[in-house]
Amino acid sequence: MSDIDTSRRNKVPRPLSDSEKARLDEFQDSIHYSSRYSDDENEYRHVQLPKNMLKAIPKDYHDAQKGTLKLLWEEEWRGMGITQSLGWVHYEVHEPEPHILLFKRPLNFQAGQ
């Protein structure tokens with residue numbers, strides 16, 4: 001997935017503290033996962049966070065210039081309570097609706113390849 005703009009991420013994954021995770025726990029049951037859709041190379045899905053959850057996410061996960069979340073490392077989005085099978089990469093945010101995160105992975109992804 002070399003087309004990910006890594007300048008839009010934290011330089012290294014920044015794990016959540018226990019207290020930060022605790023603040024986000026209440027939102028986990030309200031995270032919405034879209035059905036998967038695909039093109040010739042990748043499958044995609046979007047994840048819709050509860051709007052109030054954005055306020056509980058640490059500021060260093062946010063891109064102040066864009067008014068959205070940064071592109072998150074897997075460790076970061078899993079730490080926030082997003083649960084998906086292996087291989088998904090957060091590649092974009094939907095700027096008009098910053099609580100919607102866009103994910104993709106190669107078609108026919110197999111863990112361990």
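**Close-up views of a predicted model**

**View 1. Asn108 in the segment after β7.** Asn108 is found in the segment that follows strand β7, in a model that is predicted. The phi angle of Asn108 is near 60°, a positive value in a residue other than glycine. Most residues other than glycine have a negative phi. Because its relative accessible area is 67%, and the cut-off for an exposed residue is over 50%, Asn108 counts as exposed.

**View 2. Strand β3 and the strands that pair with it.** Strand β3, which spans residues 42–48, is mostly covered, with five of its seven residues buried. Strand β7 (100–106) pairs with β3 in the antiparallel sense over seven bridges, and within this pairing Asn42 has Pro106 of β7 as its bridge partner. Strand β1, made of residues 32–33, also runs antiparallel to β3 and is joined to it by two bridges, with His32 standing opposite Gln48 of β3.

**View 3. The hairpin of β2 and β3.** Strands β2 and β3 form a hairpin in which three residues lie between the two strands. Strand β2 covers residues 37–38 and is joined to β3 by two bridges, the two strands running antiparallel; here Tyr37 has Tyr44 in β3 as its bridge partner.

**View 4. The largest nonpolar core.** The largest nonpolar core of the model has 20 residues, and those with the most contacts inside it are Leu49, Met53, Ile57, Leu69, Met80, Ile82 and Leu101. Helix α2 and strand β7 are the elements that give two or more residues to this core, and α2 gives the most, with three residues. For a closer look at one of the residues with the most contacts inside the core, Ile57, the view can be centred on its neighbours: leaving aside residues up to four places away in sequence, Ile57 touches Leu24, Leu49, His62, Leu69 and Met80.

**View 5. Asp60 in the loop between α2 and β4.** Asp60 is placed in the loop that links α2 (51–56) with β4 (62–63). With a relative accessible area of 32%, Asp60 falls between the limits of under 20% for buried and over 50% for exposed, and it is therefore described as partly exposed. When residues up to four places away in sequence are not counted, Asp60 touches Asn10, Arg14 and Lys70. His32, the residue shown opposite Gln48 in the second view, is 28 residues from Asp60 in sequence, and the two lie 23 Å apart in space, C-alpha to C-alpha.

Conventions: Residues are numbered from 1 along each chain as its sequence is written. This is a predicted model: local features need pLDDT of at least 70, side-chain atom pairs count only at pLDDT 80 or more; totals for chains, interfaces and linings use all residues. Side-chain values use heavy atoms; hydrogens and water are left out. Helices (H or I, at least four residues) and strands (E, at least two) are DSSP runs, numbered from the N terminus. Buried means under 20% relative accessible area, exposed over 50%, partly exposed in between (1.4 Å probe, protein chains only). Contact means heavy atoms within 4.5 Å. A nonpolar core is a set of buried Ala, Val, Leu, Ile, Met, Phe, Trp, Tyr and Cys residues joined through side-chain atoms within 4.5 Å. Two strands pair if DSSP finds at least two bridges between them.
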